[in-house]
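Visitor: Could you pick one part of this model and take me through it up close? I'd like to know what sits beside it and how well covered it is.

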Amino acid sequence: MVECHVKERVMTSSTQVYGEPWYWDNRYTNEPGPFDWYQKYITLAPIISLYVPPTQRILIVGCGNSAFSEGMVVDGGYTDVVNIDISSVVIEAMKSKYRDFPQLKYVKMDVRNMSDFESESFDAAIDKGTLDSILVTYGAPLYRLRLLRESCSWTIKLHVIEKLASEEKSDQPVWELTKPVPLNDDGTSVEEALGRNPDVHYIYICTKEISANSNTKP
């Protein structure tokens, strides 16, 4: 699983409706133009390609009307990208928009209940903001690591990308995108490496641990 999200606190009052289909149906009806949360594919392409080969089957959760998946197909060469979203409005719009792209599939589904998919259906899942919509958390490792570790037996790597990267490239990035940030058990090593309150988006690379007797995909 590849997760990219903003580091600021998401307040309870602003997230209560984010898990409701009616909110997103209204939003996408009134704002039909493409929108990417936090980062576009072009800025994240180096880290995506580092961990996710184009031959793998990909799940994009909370796809919205983002052009991220289009970028994966057109620029990244990915051939099987399944997109899910809780909003029927946006799913129907995206089905129509990408009807000539067999590499892209759009399915109305709540990420909290994906039982329609069989186990081990995907090689990788990419979340760019969805987790922040259903949990009241800080995105920084000090607060997010515990949630990730409690949810599954993951091997977790951390990368960061400057918020500025979504608009223009910085000559002196805080940290090289493809270089993992040192990560200890409680996440305090991140502040030591990056300084306090760095102006970045955090990218968590979570890989399932595979036992010797398991054929489970990462």
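Guide: Buried here means under 20% relative accessible area, exposed means over 50%, and partly exposed is in between (1.4 Å probe, protein chains only). This is a predicted model, with local features needing pLDDT of at least 70 and side-chain atom pairs pLDDT 80 or more, while totals for chains, interfaces and linings use all residues. Residues count from 1 along each chain as its sequence is written, and side-chain values use heavy atoms, without hydrogens or water.

Let's park ourselves on strand S3, residues 81-85. (Strands are DSSP E runs of at least two residues, helices H or I runs of at least four, numbered from the N terminus.) How many of the residues of S3 are buried? The count is 5 of 5, so S3 is mostly covered. Look along the strand and you'll find cover on both faces. One side carries Val-81, Asn-83 and Asp-85, the other Val-82 and Ile-84, and every one of these is buried. That split fits a general habit: side chains in a regular strand alternate between the two faces of the sheet.

Now for the company S3 keeps. Pairing takes at least two DSSP bridges between two strands. S2 (58-61) is joined to S3 by 4 bridges, and the two run parallel. If you want a spot to zoom in on, take Val-61, whose bridge partner in S3 is Ile-84. S3 also pairs with strand S4, residues 104-108, again in the parallel sense, this time over 5 bridges. Two places to check there are Val-81, which has Leu-104 as its bridge partner in S4, and Asn-83, which is matched with Tyr-106. So, to keep the residues straight: Ile-84 bridges to S2, while Val-81 and Asn-83 bridge to S4.

Next, the helices that link these strands. S2, helix H4 (68-74) and S3 form a β-α-β unit, and it is right-handed. (With the strands pointing away from you, the path from the first strand over the helix to the second runs clockwise.) Carry on from S3 through helix H5, residues 88-97, into S4, and you get a right-handed β-α-β unit there too. S3 therefore belongs to both units, ending the one that starts at S2 and opening the one that ends at S4.

Leave S4 and head for strand S5 (124-127), and the loop between them holds Glu-120. Have a look at its backbone: phi is positive, about 65°, although Glu-120 isn't a glycine. Its relative accessibility is 41%, so Glu-120 counts as partly exposed.

For a contrast in strand direction, swing over to S6 (residues 154-162) and S7, which run antiparallel and are joined by 9 bridges. Lys-157 stands opposite Ile-205 of S7 there. S7 spans 200-208, and because 7 of its 9 residues are buried, the rest of the structure largely encloses it. In the loop leading from helix H8 (188-194) to S7 you'll meet Asn-197, another non-glycine with a positive phi, about 50°. Asn-197 comes out at 61% relative accessibility, so it counts as exposed.

One last stop is Leu-135, in the loop between helices H6 (130-134) and H7 (141-151). At 31% relative accessibility Leu-135 is partly exposed. Its C-alpha atom is 9.5 Å from that of Gly-19, although 116 residues of chain separate the two.
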